[in-house]
Each structure stands twice: as structure tokens, then as C-alpha cells.
Amino acid sequence: MGRPSDPKDGSSRVRGTLQIPQMIEQYQFQGTFGINNVGNAFTPQGNCDPLRLASMCVGVYQAGTKGDAELLFQCISTSAKAAIGCGNLKAPKLEEGDEADFVIFNIDASNGRRPKGSLAELIYDPPGERTTLYTGHVVQLGMV
């Protein structure tokens, strides 16, 4: 688990993370990001917001371009859904009458936050106020 054999030797251990964006781009690897066991005794920090995870990954992977943001969003959305058997890797086409799954973001800049005009800006500074629809029904409204 990355822990040194000698407790006094903590500074010499090698720690890291898989370079998921690079593996996707170079090798067409199918990758996703997820959050596990937030708030338990071993991982008491964080929350379960996938957008905040993608935002953190901008720093972890030094992935700050518009294309990087699109890839990170794919990793927390369509790829993640496909990985658990609930969809495919292509973005769905919505037709009138479809029972859609999507999120509406409150991008109003009057609350003092940076305005959001692109997917990249949503990743860089995720808004907390959202409306989530699942199979065409509102399942979450308000702050995340």
C-alpha cells in the first residue's frame, strides 16, 4: 500500500498515481476516476462530488487545457457510467420524449464566483448549486 517497511523511513517511499489521461491519449486505454469510502475512518476528507474530483485531477495530472478538461469530464461521466455497466462511452443524443440523465448547473456569476462559459470552466471551479435529473426526474436540487 505504499507504506515503508520501517516506520522511521517515511520519506523514502515511492508514491504516485497512474497517469490515466496520458494512458487514454497514448494507448486508447479506457479509464475513469472515482471516489471511494469518503468520510470513513481511513479517508475522512473530501466529498463525493465528481466535478470536484475532476478539478483536483487538473492539478494532479497538470491537465489544464480545454482538451484536458474535456477528457477529465469524460472520465467522471460517460466513462464512469460505462465502467459500471450503465451506459456506453459515447455521449448520448437526447431526443424529445427521452428519459434523460443530466445535470443543470447554476452558472450565475452574481454570487461572487467566476462565470462559467465552458466545460473547462466548470471543471476548474465547480459550482455547488445544481439540479440533477435521472430518467427524466429531478433527483437532487440545490447545493452539492
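Let me start with Cys86, which in this predicted model is partly exposed, with a relative accessible area of 46%. Cys75 stands in contrast, since at 0% relative accessibility it counts as buried. Now, how many disulfides does the structure hold? The structure holds zero, and for Cys75 the reason is distance, because its sulfur is 7.9 Å from the closest cysteine sulfur, that of Cys57, whereas a disulfide would need the two sulfur atoms to be within 2.5 Å.

Before going further into the fold, a word on confidence. The protein chain has an average pLDDT of 82, and 84% of its residues score at least 70. If we go element by element, helix α3 has the highest mean pLDDT, at 94, while strand β3, residues 137–143, has the lowest, at 84. As a general caution, where pLDDT is low, the predicted coordinates should not be read in detail.

On the overall layout, the protein chain contains five helices and three strands, and, read from the N terminus, these elements come in the order α-α-α-α-β-α-β-β. Of the 144 residues in the chain, 23% are buried. If we take the contacts between residues at least 6 apart in sequence, 48% of them join residues that are at least 24 apart.

Let me now turn to helix α3, which covers residues 66–76, and in which Asp68, Ala69, Leu71, Leu72, Cys75 and Ile76 are buried. These residues lie on the same side of α3, because they cover an arc of only 160 degrees around the axis. What do the buried residues of α3 pack against? Their partners are α1 (20–27), α2 (50–60), α4 (78–83) and α5 (119–124).

Helix α1 can be described in a similar way, with Ile20, Pro21 and Ile24 as its buried residues. Seen down the helix axis, the buried residues of α1 fall within an arc of 105 degrees, and therefore they line one face of the helix. Those buried residues pack against α3, and just after α1 the chain reaches Gln28, which takes a positive phi of about 55 degrees.

This brings us to the largest nonpolar core, which has 17 residues, and in which Ile20, Phe33, Cys57, Tyr61, Leu72, Ile76 and Ile123 are the ones with the most contacts inside it. Helices α1, α2, α3 and α5 each supply at least two residues of this core. In soluble globular proteins, nonpolar side chains tend to be buried together. To take one member of the core, Tyr61 touches Thr17, Leu18, Gln19, Ile20, Pro21 and Phe33, leaving aside residues up to four places away in sequence.

I would like to finish with another tyrosine, Tyr124, which is placed in helix α5 and is partly exposed, with a relative accessible area of 30%. Again leaving aside residues up to four places away in sequence, Tyr124 touches Ser55, Val58, Gly64, Thr65, Lys66, Ala69 and Arg114. How far apart in space are Tyr124 and Ser55? From C-alpha to C-alpha they are 5.3 Å apart, although 69 residues separate them in sequence. With Thr65, there is also a polar atom of the Tyr124 side chain that lies 3.5 Å from the backbone oxygen of Thr65.

Key
Residues are numbered from 1 along each chain as its sequence is written. This is a predicted model: local features need pLDDT of at least 70, side-chain atom pairs count only at pLDDT 80 or more; totals for chains, interfaces and linings use all residues. Side-chain values use heavy atoms; hydrogens and water are left out. Buried means under 20% relative accessible area, exposed over 50%, partly exposed in between (1.4 Å probe, protein chains only). Helices (H or I, at least four residues) and strands (E, at least two) are DSSP runs, numbered from the N terminus. The arc is that of the directions from the helix axis to the C-beta atoms. Contact means heavy atoms within 4.5 Å. pLDDT is the predictor's confidence in each residue, from 0 to 100. A polar contact is a pair of N or O atoms within 3.5 Å; within protein, one must be able to donate a hydrogen and the other to accept it, and residues adjacent in sequence count only if both atoms are side-chain atoms. A nonpolar core is a set of buried Ala, Val, Leu, Ile, Met, Phe, Trp, Tyr and Cys residues joined through side-chain atoms within 4.5 Å.
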